[in-house]
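Hi there,

Here is the structure I promised to hand over. Have a look at it first, and then read on for what turned up in it.

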Amino acid sequence: MAVTVQAVPCLSDNYAWMLRDQATGTVAICDPGEAGPVIEALEAAGGRCDIILLTHHHPDHVDGVEEVRARFGARVIGAAADAHRLPKLDQAVAPGDTVAIGATTGTVIDSPGHTIGHVAFHFPEGAVLLCGDTLFSLGCGRLLEGTAEDMFRALSLLKPLPDETLVCCGHEYTESNARFAVTVEPDNAALRERAAEVQAARAAGQPTLPVTLGREKETNPFLRASTASELGRIRTAKDNFRG
């Protein structure tokens, strides 16, 4: 495995993600929304952070950037289209560009919908997808700036990635997402099984992430939607769900 990934819980339900290139020891952190827990995790892992990757501009994904950058001298990489509202970027990227964590190369994927300018990072050698607030386990991000068409297109770019890809998203929303998802597909046995696993994991204080993309293809109603209008209907229902 070229790169390993570790979840770093922060704030109330966020995850930053720490990646380490096995060949060089290069370390990256994605979406440090809170400096304290991220710095603590980086110090425990050897006290190194070379790169900060940003998926989008929301404070719960970027508020720890400056403290982490100052502590470790990390370079900050984010979307050129969002540079005006991200922390100062050392490398501004566009969809289709590549980013390197040591000897491991990843690709920038356009993923608007939750916000305009949102990007994801895919590292095929480690089967890692850093998808921010676009794709959640059993859910997708709220359409705060983009449209259902934007989100459908974004998910359509993620869905073809290999089944073994690890979905590393920005929040621990899986349990609440599961409660809604089973109302959309009540006869989906794989979804019922996943929902039970999630409930048990959360009751035990365990994370539900990362999860394989293959599992999401079987269980996530947003990823399974066949049209943008279908996704839009499901998203509206989720926004109004009280379960």
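Leu138 counts as buried, because its relative accessibility is 1% and the cut-off for buried is under 20%. This leucine lies in the loop between strand 11 (135-136) and strand 12 (139-140). Its backbone is worth a look as well: phi of Leu138 is near 65°, a positive value in a residue other than glycine. Please keep in mind throughout that this is a predicted model.

Leu11 makes a good companion to look at next. Phi of Leu11 is near 50°, again a positive value in a residue that is not glycine. You will find Leu11 in the loop between strand 1 (3-10) and strand 2 (14-21). Is Leu11 buried or partly exposed? Leu11 is partly exposed, because its relative accessible area is 44% and partly exposed covers the range between 20% and 50%.

One more backbone detail concerns a proline. The peptide bond from Leu209 to Pro210 is cis, with omega near -5°. Pro210 sits in the loop between helix 6 (189-203) and strand 14 (211-212).

Now for the sheets. Strands 1 and 2 belong to an open sheet of 6 strands, in the order 1-2-3-4-5-6, with mixed pairing. At its edges are strand 1 and strand 6 (91-93), each of which pairs on one side only. From one strand to the next, the twist averages 20°. Inside this sheet, strand 2 and strand 3 (residues 27-30) run antiparallel and are joined by 4 bridges. To see one of the pairs, start at Met18: its bridge partner in strand 3 is Ile29.

Two helices go with these strands. Helix 1 (residues 35-44) lies across strand 1, strand 2 and strand 3, and runs at about 145° to strand 1. Helix 3 (residues 65-72) lies across strand 3, strand 4 (51-53) and strand 5 (75-79), at about 165° to strand 4.

There is also an open sheet of 6 strands in the order 7-8-9-10-13-14, and its pairing is mixed too. Why does one side of strand 7 and of strand 14 have no neighbour in the sheet? Both strands stand at the edges with a single partner strand each, so one side of each is left without a neighbour. Helix 4 (residues 148-158) packs on this sheet and touches strand 8, strand 9 (119-123) and strand 10, and its direction makes about 155° with that of strand 8.

Strand 7 (residues 98-101) is a nice place to zoom in. In a regular strand, side chains alternate between the two faces of the sheet. Here Val99 and Ile101 point to one face and are buried, while Thr98 and Ala100 point to the other and are not. Strand 7 pairs with strand 8 (residues 104-110) in the antiparallel sense, over 4 bridges. Which residue of strand 8 stands opposite Ile101? That residue is Thr104. The hairpin of strand 7 and strand 8 has 2 residues between the strands, and Gly102 takes a positive phi near 60° there.

Finally, follow strand 10 (residues 128-132) to strand 13 (residues 166-169): these two run parallel and are joined by 4 bridges. Val128 has Leu166 as its bridge partner in strand 13.

Enjoy exploring it!

Best wishes

Note on methods
Residues are numbered from 1 along each chain as its sequence is written. This is a predicted model: local features need pLDDT of at least 70, side-chain atom pairs count only at pLDDT 80 or more; totals for chains, interfaces and linings use all residues. Side-chain values use heavy atoms; hydrogens and water are left out. Buried means under 20% relative accessible area, exposed over 50%, partly exposed in between (1.4 Å probe, protein chains only). Two strands pair if DSSP finds at least two bridges between them. Contact means heavy atoms within 4.5 Å. Axes are lines fitted to C-alpha atoms, for helices over the stretch in contact, and angles run from 0 to 180 degrees between N-to-C directions.
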